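Me: I want to practise reading local features from a structure. Can we go through one together?

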Amino acid sequence: MTTHAYSGLELLDTPVLIVERSGLLHFVNPACEDLLGISHKELKKLTLYERFHNNKPLRNAVQMALDHAGSFIEHDLELLPDGAEAIHVGLTVTPIDSPPRLALLEMRPIDQQLRIVNEERHLLQQQANRELIRNLAHEIKNPLGGIRGAAQLLEHEIADRPELLEYTEVIREEALRLQHLVDRLLAPHRRHVASDVNIHEVLERVRSIMLAEYPQNLNIRRDYDTSLPLLAADKEQLIQVVLNIGKNAVQAMKGSGELILRTRVARQVTLARKRHNLALKLQIIDNGPGIPEEIREHVFYPLITGRAEGTGLGLTLAQTFVHQHGGTIEFDSRPGHTCFTVLLPFGPDQ
């Protein structure tokens, strides 16, 4: 069979390719070129198995189909192209000759479905988080009024000892600060104050705060796309998002390491079930020890933390604020590399 015999497959929207048992490519249609981001000429320079790092499941699927002369299906197969991001596909392998020598591979991208499922899961998780935080905040709020009242009474008793008044002032100020925090926890879904925000001004503000706190061994590298448009967003909430993620990273590195603040544009993305032509892709990357395996599935839950001194509220609030802006927040972590990715829509007019 020659390549022109497959010309009808070129019109399919489904990515397909035809291979021998050895992985030698006979045909690749344009949809498959788009999926893998490689031209058919480049693809054919290597076998199919040489093209992907984790090729064993792919090789097994082809061999099973040819050995049994029947279709073989993988519902979720991860492909790792060299130098590119992982691709999740549903795979169907079908022998197309007899005796079986060639196999037709149909690849159905499922990244979008996985993203939608994750979004739904995060929304349900956020609702549970919100209820837990509100209950916690109420428990904290009740004694705060008593602490402030007691501090005021104590001030009257020691009015003739001004050297002690500074301590009661600290008590009142700290109680007031906690009151403000509790108010935010009780009403995290307040309508945010939207204005035109330059994301790089937000990042520079966070960068200066963290460098002031960790001036010695922390390197914060900028990797900005300065051509990005303005965001319609609540600037203070965005500062809190980046600061919470950044501080977690720096504390995990014990104040010594490298943090990268990266901005890029993402095109044609679906966020909160809405399609956007342009979105901000903000990444906060560190070279610390990584998020402990045992808490990765629950890292956005309140009170979940990998540090004994941590509160476990920073990432929960960051997720809440990102969702308020119609965006998503995800992470990838391994020892030496943790990357939080925030996607935010620029708006319907962009």
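**Salt bridges and a helix face**

Reply: Start with Glu258, which counts as partly exposed at 24% relative accessibility. Keep in mind that this is a predicted model.

Me: Which side chain does Glu258 meet in a salt bridge?

Reply: The general idea comes first. Side chains of opposite charge can pair when their charged atoms come close. Here, the side chain of Glu258 meets that of Arg221, at 3.4 Å from N to O. Arg221 is partly exposed too, with 37% relative accessibility.

Me: Where in the chain do Glu258 and Arg221 sit?

Reply: Glu258 is in strand 9 (residues 257-271), and Arg221 is in strand 7 (residues 218-223). The two are 37 residues apart, and the pair links distant parts of the chain.

Me: How many salt bridges does a search of the whole structure find?

Reply: Twelve. One of them joins Arg21 to Asp67, with the closest N and O atoms 2.9 Å apart. This pair also links distant parts of the chain, at 46 residues apart. Arg21 lies in the loop between strand 1 and strand 2 (25-28), while Asp67 belongs to helix 4. Arg21 has a relative accessible area of 36%, so Arg21 is partly exposed.

Me: Which residues do shared salt-bridge partners join into one network?

Reply: Glu20, Asp97 and Arg101. Within it, Asp97 bridges to Arg101, and their closest N and O atoms are 3.9 Å apart. The cut-off for a salt bridge is 4 Å, so a pair within that distance counts. Asp97 is partly exposed at 22% relative accessibility. Arg101 is partly exposed as well, with a relative accessible area of 43%.

Me: Now helix 4. What is its span from first C-alpha to last?

Reply: Helix 4 covers residues 56-68, 13 in number, and reaches 18 Å. That is close to the 18 Å expected at 1.5 Å a residue.

Me: Which residues of helix 4 are buried?

Reply: Leu58, Ala61, Val62, Ala65 and Leu66 are the buried ones. They cover an arc of only 120° around the axis, so they lie on the same side of helix 4.

Me: How should I read that spacing?

Reply: Use the helical repeat. An α-helix has 3.6 residues a turn, so residues three or four places apart point the same way.

Me: What do the buried residues of helix 4 pack against?

Reply: Their partners are helix 3 (48-51) and four strands: strand 1 (16-20), strand 3 (72-79), strand 4 (87-95) and strand 5 (102-109). On the other side of helix 4, Lys56 and His68 are exposed.

Me: Which residue follows helix 4, and what is its phi?

Reply: Ala69 follows, with a positive phi near 50°. Note that Ala69 is a residue other than glycine. Ala69 sits in the loop between helix 4 and strand 3. At 53% relative accessibility, Ala69 counts as exposed.

Me: What is the phi of Lys254, and where is that residue found?

Reply: Lys254 is not a glycine, yet its phi is positive, about 60°. Lys254 is in the loop between helix 8 (235-252) and strand 9. Lys254 counts as exposed, at 75% relative accessibility.

Me: One backbone check remains. Is the peptide bond from Ser98 to Pro99 cis or trans?

Reply: That bond is cis, with omega near 0°. Pro99 lies in the loop between strand 4 and strand 5.

Note on methods:
Residues are numbered from 1 along each chain as its sequence is written. This is a predicted model: local features need pLDDT of at least 70, side-chain atom pairs count only at pLDDT 80 or more; totals for chains, interfaces and linings use all residues. Side-chain values use heavy atoms; hydrogens and water are left out. The expected span of a helix is 1.5 Å times one less than its number of residues. Buried means under 20% relative accessible area, exposed over 50%, partly exposed in between (1.4 Å probe, protein chains only). The arc is that of the directions from the helix axis to the C-beta atoms. Contact means heavy atoms within 4.5 Å.
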